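Here is a short walk through one protein chain, written to be read with the structure open beside you.

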Amino acid sequence: MQKEPVAADFSARLKEALATEDGLVRLDALRSLADAAPGYVETIQLDRSLARVPPAAIDARLTRLRLALLSSVTIAQLVPGLRVAALRRGFFLDVFAGGFGQYRHELLDPATHLQSFAPDVVVLSLSARQLIGSIPVEADFEHVERVLKAEVAELQGLWNAARTRFGASVLQQTYLDVYEPLFGSFDRLVAAAPARAVARLNDLLADAASADGIAVLDVARATARDGIDFWFDTARWLQGKMEIAPQAIARYGEMVMRIVAAQRGRSRKCLVLDLDNTLWGGVVGDVGIEGLVLGEGSAVGEAHLELQRYARRLKERGVILAVCSKNEPAIAEQAFARHPEMVLRRDDIACFVANWKDKAENLSAIAEQLNIGLDSLVFVDDNPAERARIRSALPMVAVPELPGDPAGYVRALAEHGYFEAVSFTREDAQRAAAYAANSQREALRGASQSVEEFLRGLQMRVVYGPVGALELERATQLINKTNQFNTTGRRYSAQELALMAADNANITLQFRLSDRLGDSGLVSVMILRAAGPGVRELEIDTWVMSCRVFGRQLEDEAMNIAVECARTRGVEALRARYLPTERNGVISGLFRNLGFEPAGDGEAEGPSVWRLPVAAYAPRRTFIHRGGEPS
Amino acid sequence: MSEQEILAAFTRILRDLLMDDSIVLKMDTRRQDVPNWDSFAYISFVVAAESELGMKFNVAEVESFETVGDIVAAVRARLR
């Protein structure tokens, strides 16, 4: 793997950042330096500089997070990489670096320092060395399998401890294959050969992680892509028992923080593509559809097709696609309809913008139409001037640098991990269809005489129930990914959610919305918790709703349902809390609109507390019908 | 690279790593002469120096360097 390029003026910019007295200015400067893909020394410098930012500035700009890195070997070298990658994503990490070989003790013994540290995230970075050393080469398949399964069973116990003791989310690192060949290619056929045993161990680990809902940090895959010499340096192993070499720490931190950010709903959601010389070669307005370089045995044409294929795969896993192109709209649409080599179809694109306006303006319009934040967009354009324009006008939009050669486009897009995911649900696979249906709904809304006529014409149905085992994964995903319609911004793991759902003192509700244009799937979750022992009140701990169903009265019908459920339980009042976050301003008036009264002295701009006596609730009139299986 | 050039490069690397611009390395400087240049920072220094100069030290050398001058000599031997 090549050395990352470092900004030429890094040192000067760092000195300037440290010279300023203003903590916020210093922090912002450091954060922009973190974006400049720092190398090893720069990572350490940035980390040390971060320690010179006043806590007040940190609290004003970054989300604090407590991360414990536990290991069987030396991991202290990794800490700066973690903290700098966190900075890049708007987090500030307090790191607990576990002692050499202390990971079991730290997780299982209630008297350790880890207890008082109370981590939000636990990363388990383990070496397979001891395990591999314990297996004789002549051991048969069953023997090896038994040893590996025992190791994974022990891991599962540790994961469980991390979750139950700390409520932490767990990232389990895959085991690195740092072993030299023993037989050669024949290693693959010998159960106890290190290469084979490690590969098998990682497979078993992945199965267990999937079953337990644990995130996997796949460093093994990264070593296969980057080359083991980038990740592992025998000298560092011998000198300091480091299984991950210092020069890899920036990449390691980035991998960890991509997952941590994804778990908190900070992955990007939408890929916005330019057309001319990006999705195809040539300018369609000049050369016509017949003149485009696309597929047909031309290497350049194949390169553009590769980008289309990758975009299509992203769409299939739930990334929204949009087009933003300076073109005559009719010509651009025709290329999609008529060029025989096109892999992307017009209906793969949820939002298609071709005009001669400024692209910054168009990107804002795309975000608005899709009802997502600008910080959910990734913009891919071959034109350096357009990229520079977006970076300066809309710094929250991710704009990957593209190489001059289209052969490198897919790599340039993929290597940033913009769309890192921690789950894959039915709703993800159907997201494109859901957005297409939403476009039809928008058209219908425009053609309707009134909002009432539009909503009635949709023939909406809500199906609801408690959060059960079948809904657990999607409900967890929704709670963790939803930023706008999210009353408190609280995030819960699947296990925490399952525990709350199993407690009869609480009520959990999940809502699916469908209409004659399609099934939007599970789009809202509400958690009502007992306000206290002996109190006949429930508090809305969490209420999230997908932005895909805004403006369809689901919040009204969901509250009707919640009140009915509460009444059946003999609950006298519902309490609610609105905790403002960066992104949930859109629902600041939610509880007032639903008939709640202010309770307690919430500030106008700050958190507010609300109360609704169940007996006083007048059910909201909606056009949403109850029950029936979604079509 | 001359002795002085290597020394200057080492000084810059160590200043960057320890964020301490008061550091001035001489041929006879020992690790304990420099505040915070502990064994962990020593490995960091070796990593950064190897990367900057595009060479690897033997594990035996890394174990036996006593003065900065010893490290400079090891670099010079490889450049020859």
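The notes below look at a sheet, the helices that lie across it, and one serine in a loop.

## The open sheet

This is a predicted model. In chain A, four strands form an open sheet in the order β8-β7-β6-β9, and their pairing is parallel. At the edges stand β8 (351–355) and β9 (377–380) of chain A; each has a single partner strand, so one side of each is left without a neighbour in the sheet. From one strand to the next, the twist averages 15°.

As general background, strands of a sheet pair through backbone hydrogen bonds, either parallel or antiparallel. Here, strand β6 (residues 270–273) of chain A pairs with β9(A) in the parallel sense, over four bridges. If you would like a spot to find on screen, try A:Cys270, whose bridge partner in β9(A) is A:Leu377.

## Helices across the strands

Two helices are worth locating next. Helix α16 (residues 299–316) of chain A lies across β6 and β7 (320–326) of chain A, and runs at about 155° to β6(A).

Helix α17 (residues 329–338) of chain A lies across β7 and β8 of chain A. The angle between α17 and β8(A) is about 135°.

## A serine in a loop

Now move along the chain to A:Ser546, found in the loop between β14 (537–545) and α26 (554–568) of chain A. Is A:Ser546 buried or exposed? Its relative accessibility is 8%, and buried means under 20%, so A:Ser546 counts as buried.

Leaving aside residues up to four places away in sequence, A:Ser546 touches A:Leu478 and A:Val523.

Definitions and conventions:
Residues numbered from 1 in each chain as written. Chains lettered and ligands numbered in written order. Predicted model: local features only at pLDDT ≥ 70, side-chain atom pairs only at ≥ 80, totals over all residues. Heavy atoms only, no water. Pairing = 2+ DSSP bridges. Axes fitted to C-alpha atoms, helices over the stretch in contact; angles between N-to-C directions. Contact = heavy atoms within 4.5 Å. Buried < 20%, exposed > 50% of the residue type's maximum accessible area, 1.4 Å probe, protein only.
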